[in-house]
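Let's walk through this model together, starting with one small contact and working outwards to the core and the charged pairs.

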Amino acid sequence: MYDRYKRNINYLRISVTDRCNLRCTYCMPEEGIPLLQHSDILTFDEIRDFTETAVNAGVTKVRITGGEPLVRKGIVTLVGMIAGIKGIEDLSMTTNGVLLTPYAEELRLAGLHRVNISLDTIDHETFRKMTRGGNINDVFEGIEAAKNAGLLPVKINCVIKTSKDEADAQAVRQFCLDNAIEIRYIRQMDLVSGHFSTVVGGTGGDCSLCNRLRLTANGKLKPCLFNEIGFDIRELGYEKALELAIAQKPECGSKNETGTFYNIGG
């Protein structure tokens, strides 16, 4: 699938839930969020059928996100349903890692290829404050479980404020070097002001190379994170929503005053 700027759109990010077991300061307000009704959230069959439609149209890479995808009941079953779609070359998941230990082996057996794990510090107290109560040991154990299960390569997503030379970012880098893990630095973004930059160690944030679409947990297909455009796959149908998202994918991100990271898989 090529958009009007001749970019090959072959990457689908699927937010399977707006819920999360952490309250990271840069992502979610301390008091929590107004959650979607269960009836608004896409069913497993809807996610699987839309993904198959997207793959038949040219998508080869699929990433499962949230919220935190591992809080979605039955997530291993869903991974298996998606993995069974012929044509997917890369099936991955972004997770905070807290719940990964008991799921890692099951996820690999279901067909998941690899994981990206969010980790912005290796200091226990800083992590607790940043996540408003999280235990970093759970993440460390999740990383080891992913490696042992063969969900490789394990990649770390490290959010930075301004530079990868920040103390926490450098400590995470050393942790990754010591544990044979890849690292990507993601500059802290602001949807409302339209502040974003290219991921260090990846291609995210480079609009000229953007090859992705995003499906929200309640079925809105978004051609751009930093844009308020979205197409309801339930109302429009899968093929029509895909057609419109490709046709109206902007050349570059601008800003998004109505979306938030926890509910659009950012």
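A polar contact here is a pair of N or O atoms within 3.5 Å, and within protein one of them must be able to donate a hydrogen and the other to accept it. Keep in mind as you look around that this is a predicted model.

With that cut-off in hand, go to K249, which sits in the loop between helix 8 and helix 9 (261-264). What does a buried lysine do when it has no salt bridge? K249 is just such a case: the nearest side chain of opposite charge belongs to D3, and that is 5.7 Å away. A salt bridge needs the nitrogen within 4 Å of a carboxyl oxygen, so D3 doesn't make the cut at that distance. What K249 does have is a backbone partner, since a polar atom of its side chain lies 2.5 Å from the backbone oxygen of P223. Setting aside residues up to four places away in sequence, K249 touches D3, R4, Y5, R7, I9, C210, R212 and P223.

Now step back along the chain into helix 8 (residues 238-247), where A241, L242, L244, A245 and I246 are buried. What covers them? The cover includes helix 1 (44-57), strand 7 (212-215), strand 8 (220-222), strand 9 (231-232) and helix 7 (233-236).

Two leucines let you see this packing residue by residue. L213 lies in strand 7 and is buried, at a relative accessible area of 1%. Beyond its sequence neighbours up to four places away, L213 touches I9, Y11, L12, R13, L221, K222, P223, L242, A245 and I246. P223 is on that list, and P223 is also among the residues that K249 touches. If you want a sense of scale, L213 and L35 are 178 residues apart along the chain, with their C-alpha atoms separated by 23 Å.

The other leucine is L221, and its contacts, again leaving out residues up to four places away, are L12, F50, L213, R214, L215, I229, G230, F231, I233, A241, L242 and A245. L221 also stands out in the bigger picture: the largest nonpolar core has 64 residues, and L119 and L221 are those with the most contacts inside it. Helix 5 (residues 136-149) gives the most to this core, with seven residues.

F50, one of the contacts of L221, is worth a stop of its own. A search of the whole structure turns up two aromatic pairs. One of them joins F50 and Y238 edge-to-face, at 5.7 Å centre to centre and 90° between the planes. Because F50 lies in helix 1 and Y238 in helix 8, the pair ties together parts that are 188 residues apart in sequence. The two rings differ in how much surface they show: F50 is buried at 0% relative accessible area, whereas Y238 is partly exposed at 23%.

Which charged pair also starts from helix 1 and reaches across the sequence? Among the eleven salt bridges counted, E46 and R234 meet at 2.8 Å, N to O. E46 lies in helix 1 and R234 in helix 7, so this pair too links parts 188 residues apart in sequence. E46 is buried at 18% relative accessible area, while R234 is partly exposed at 36%.

Other salt bridges stay local. Still in helix 1, E52 and R48 meet at 2.6 Å, N to O, and being four residues apart they are separated by about one helical turn. E52 is partly exposed, at 30%. R48, D49 and E52 are linked in a network of salt bridges. Over in helix 4 (residues 124-131), R128 and E125 are three residues apart, again about one helical turn, and their closest N and O atoms are 2.4 Å apart. Both ends are partly exposed, R128 at 38% and E125 at 36%.

Finish with T131, also found in helix 4 but buried, at 3% relative accessibility. The side chain of T131 reaches the backbone oxygen of F127 at 2.7 Å. Leaving aside neighbours within four places in sequence, T131 is in contact with L22, R23 and C24. As for N21, it is 110 residues from T131 in sequence and 9.4 Å away in space, C-alpha to C-alpha.

Note on methods:
Residues are numbered from 1 along each chain as its sequence is written. This is a predicted model: local features need pLDDT of at least 70, side-chain atom pairs count only at pLDDT 80 or more; totals for chains, interfaces and linings use all residues. Side-chain values use heavy atoms; hydrogens and water are left out. Buried means under 20% relative accessible area, exposed over 50%, partly exposed in between (1.4 Å probe, protein chains only). Helices (H or I, at least four residues) and strands (E, at least two) are DSSP runs, numbered from the N terminus. Contact means heavy atoms within 4.5 Å. A nonpolar core is a set of buried Ala, Val, Leu, Ile, Met, Phe, Trp, Tyr and Cys residues joined through side-chain atoms within 4.5 Å. Lys and Arg count as positive and Asp and Glu as negative; His and the chain ends are not counted. Rings of Phe, Tyr and Trp (its six-membered ring) pair if their centres lie within 6.5 Å; planes under 30 degrees apart count as stacked, over 60 as edge-to-face and the rest as tilted.
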